[in-house]
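Biologist: Please take me through one part of this model, slowly and closely. I would like to follow how its pieces pack against each other.

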Amino acid sequence: MAIRRSVQIVRRATAVATACQVALVVWACGGKPSEPAKPTAPDDRALRVRIAHAEARRAAGLDELLELAKHGTTPERVLALRGLGRVGGPRALDALIGALRDPDPEILGAAGSAIGVLASLDESDAGTPALTRALVDALPRAKDHAPAIIEAIGRAGDVTAQRMLAMCVEAGTVNLKAEACAIALGRYGRRKLAFEPDARSALGNAIESSDARVRYAAVWALSREHKPTASAADEAIVARLAKRLADEQPETRAQAAAALAKRPGMIAARGELAAALRDRDWRVAVEAVRALTGEHADPQSHDAVATALGLRFAQLEAGDATEAHVVAEALRALASKTARPSVLRAIEELVPRIAAAKRLPPLTRGWIACLAQAAIARGAKPPDYAKVETCGGGELPDHLRLPLLGDLVTANTGTLAQRRGAVKLLLAHADARVRVAGLAALPALWKAGDDGDRRAALATVIAALGSTDPVVAGNAVDAATAVYEAGDKNDRWDRAALDAAVVGRARIEKEAELGAALLELIGKREIASGAPACRAALGGAPVLARAAATCLSALGEPATAAIGAAEPPALDVASVIGRRLLWHLQTTRGEILIVLRPDVAPWAVAAIVALTRKGLYDNLEFHRVVPDFVVQGGDPTQSGWGGPGFTLPAEPSAGAGYVTGGVGMADAGRDSAGSQWFVMHARAPHLDGRYTWVGSVEAGQPAADALVIGDRVIRATIEEVRE
């Protein structure tokens with residue numbers, strides 16, 4: 001049986017590869033592709049409201065979407081097909097595959113886009129030979145809508161389609177859309193599917209394309225490659241990536257550094273990466289810092305970053321606010337390298353300059369001063385915990401400053417008495433955001449301490465799992481996970497008590513994200529007593545049902561998460577569809593103006609409008625900043641675990657929405673977004689089709705780029721523009 005099955009797989013792979021070649025030739029002979037058709041005119045508001053409600057009802061609205069997708073007018077079919085991708089499930093997928101046989105290229109494009117979204121939301125539905133074949137067969141007939149099919153192949157195709165995509169990249173003509181094909185290959189890497197030799201070779205060659213868009217796409221794809229290995233072929237790719245550190249496009253330079261960071265042979269490009277530390281664009285410098293302090297770097301690489309600290313700080317002093325990201329990223333990365341005297345000395349020399357930089361915004365100076373002190377503490381003998389506890393001269397609030405003590409504990413810095421004292425201080429703090437830093441440090445204390453430390457840690461985590469504060473309870477799940485892992489190496493602990501606490505919370509938890517985290521932990525630790533809680537969640541919210549199915553499978557009970565019926569949120573989508581809406585955000589770094597897109601994501605836009613008018617976003621901090629990626633806010637708890645009290649139906653869309661200034665909704669899986677939103681520092685194709693895109697920054701991107709954790713939205717308002 002095993003031999004026969006292997007033969008069948010080979011035959012299918014060969015058939016799909018052949019079909020890919022045929023599709024490529026036919027498609028290449030077609031006309032010049034153009035961008036997908038723009039949204040239909042505003043007089044379709046009633047239709048859009050109808051579709052939005054059908055989408056939000058999920059399983060209860062599926063029949064209506066299926067009927068429109070099959071028998072409606074072209075505009076009705078296009079919107080219904082998009083809705084089917086967002087709802088997902090076997091019936092939706094079957095209908096979308098059927099639509100790929102339609103003679104209308106616009107319908108083919110809509111079906112392809114929807115399949116890409118469906119696969120991004122539910123990865124278990126991707127990568128089948130039948131789906132791959134259907135997409136490849138549709139490609140030559142899609143004409144102007146071929147990019148949507150290519151996008152879907154990257155998200156939903158199996159590895160056999162890589163050969164066709166590689167041929168497309170190698171050809172590099174406008175007709176073949178090499179950019180789209182390279183991005184599609186990058187999505188294979190994102191899906192943790194290894195590149196075929198043809199694909200890697202094609203991307204390596206495309207790094208030197210004369211087309212800036214193709215160069216970016218190839219470099220981005222290589223930055224997403226799954227586990228690249230050292231080889232002669234990879235040495236050639238490293239050399240080509242090193243050249244791209246001098247590319248005319250900053251985003252390409254940044255992605256080249258990110259791609260080098262992943263490669264075992266990146267040391268060969270150390271000189272070029274060191275030069276990139278001086279790049280005029282802060283995003284490039286950030287990625288160079290990451291590459292030169294990453295897993296494949298060496299001590300000389302660390303020295304290069306330490307040497308660049310002074311230069312980037314001087315530019316920050318000169319008034320370039322985004323330089324704070326480079327300096328902060330370097331200090332965080334170098335903190336674990338301060339056993340090297342040259343690195344420690346460079347950071348110590350920066351301290352008096354920070355204190356003297358009175359023109360810096362207080363929050364910026366506070367962050368840099370505290371990160372420097374935390375890094376110095378890691379390298380000092382003995383470390384001075386007090387300097388970290390009081391760093392920043394009061395410019396960095398407790399909830400941002402004190403967690404740095406937890407980082408010292410986690411790094412096993414200092415004496416056991418120092419670490420115990422730090423954890424005690426954190427756990428006793430009035431602010432939950434500080435207490436959770438103590439929770440995060442407990443596993444390290446468990447490993448380093450004695451039986452008393454372990455008993456105290458276990459009791460603290462169990463108590464936190466029962467907390468009514470979602471911030472504490474959510475972080476307790478992470479702490480419990482780490483305690484389990486530490487406990488595996490020590491038999492003298494009461495695992496049964498922790499099992500009972502995890503299962504007890506899972507049985508009563510109503511919040512989808514927290515509930516899903518608990519169910520995932522039950523499955524991962526194979527807690528048999530948690531099976532009833534997992535079964536009960538199978539019919540819950542999608543993110544919960546998916547975690548429940550994974551949990552039951554781990555416990556030996558195969559299960560499938562079904563798409564259930566749902567009630568639309570208590571929001572008025574009719575009030576936003578067809579409107580031109582501007583979101584004004586006055587922040588501590590300046591005003592940001594965002595154009596909202598209710599035609600793409602009506603529920604998410606309706607939520608933003610309603611919550612803005614209620615004042616929810618006023619005075620909220622940006623709780624997450626990942627330089628050269630995103631800045632995120634909108635959490636009422638300002639911790640990352642909060643929301644508005646309701647969740648939104650997922651509304652991802654195909655196409656390149658997540659470019660610099662793109663705005664999206666944060667979530668933990670399908671249908672779990674609420675009030676949290678993010679704005680992009682740079683293009684991120686892997687977010688397209690997975691996260692709900694709601695619009696773009698029209699003005700104020702420099703303000704968005706300058707934001708650091710702790711900056712705030714002072715006031716948010718909505719403006720409706722009459723056209």
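Modeller: Contact means heavy atoms within 4.5 Å. Helices (H or I, at least four residues) and strands (E, at least two) are DSSP runs, numbered from the N terminus. This is a predicted model, where local features need pLDDT of at least 70 and side-chain atom pairs count only at pLDDT 80 or more, while totals for chains, interfaces and linings use all residues. Residues are numbered from 1 along each chain as its sequence is written, and side-chain values use heavy atoms, leaving out hydrogens and water.

Start with helix H27, residues 470-487. Its partner in one packing is helix H28, residues 495-508. From H27, Ala473, Ala480, Val483 and Tyr484 take part. From H28, they are met by Arg495, Leu498, Asp499, Val502 and Arg505. By class, this contact holds six nonpolar, no polar and three charged residues. Here Ala, Val, Leu, Ile, Met, Phe, Trp, Tyr, Cys and Pro count as nonpolar, Asp, Glu, Lys and Arg as charged, and the others, Gly among them, as polar.

Now the angle. Axes are lines fitted to C-alpha atoms, for helices over the stretch in contact, and angles between N-to-C directions run from 0 to 180 degrees. The axes of H27 and H28 are 12 Å apart, at an angle of about 150 degrees. Angles under 35 degrees count as roughly parallel, over 145 as roughly antiparallel, 65 to 115 as roughly perpendicular and the rest as oblique. H27 and H28 are therefore roughly antiparallel to each other. Their crossing is left-handed: the near helix is turned anticlockwise from the far one by less than a right angle (clockwise would be right-handed).

H27 also packs with helix H25, residues 432-448. The two axes come within 9 Å and cross at roughly 5 degrees. That makes H25 roughly parallel to H27. H25 brings Ala432, Arg435, Val436, Leu439, Pro443, Trp446 and Lys447 to the contact. The H27 residues they meet include Val471, Asn475, Ala479 and Val483. This contact of H25 with H27 has 12 nonpolar, two polar and two charged residues. Val483 of H27 thus appears in the contact with H25 and in the contact with H28.

Next to consider is Gly406, in helix H23 (residues 403-410). Buried means under 20% relative accessible area, exposed over 50%, partly exposed in between (1.4 Å probe, protein chains only). Gly406 counts as buried because its relative accessibility is 4%. Leaving aside neighbours within four places in sequence, Gly406 is in contact with Leu426, Ala437 and Ala441.

Further along the chain comes a sheet. Strands of a sheet pair through backbone hydrogen bonds, either parallel or antiparallel. Two strands pair if DSSP finds at least two bridges between them. This sheet is open and has eight strands, in the order S3-S4-S6-S5-S7-S2-S1-S8, with antiparallel pairing. The edge strands are S3 (624-626) and S8 (713-721), and each pairs on one side only. On average, neighbouring strands are turned by 25 degrees against each other, direction ignored.

Take the S3 edge. S3 and S4 run antiparallel and are joined by three bridges. Val625 has Val631 in S4 as its bridge partner. The two strands form a hairpin with three residues between them. In that turn, Asp628 has a positive phi of about 65 degrees.

Strand S4 covers residues 630-633. In a regular strand the side chains alternate between the two faces of the sheet. Both faces of S4 are covered. Val630 and Gln632 are buried on one side, Val631 and Gly633 on the other. S4 also pairs with strand S6 (residues 677-680), in the antiparallel sense, over four bridges. Val630 has Met680 in S6 as its bridge partner.

Now the S8 edge. Strand S1 (residues 580-587) and S8 pair in the antiparallel sense over eight bridges. Thr587 stands opposite Val713 in S8. Helix H32 (residues 602-613) lies across S1, S2, S5, S7 and S8, and runs at about 120 degrees to S8.

Finish in the loop between S6 and S7, where Thr692 lies. Thr692 counts as buried because its relative accessibility is 6%. Not counting residues up to four places away in sequence, Thr692 touches several residues, among them Ala601, Ala604, Glu651, Tyr658 and Met665.
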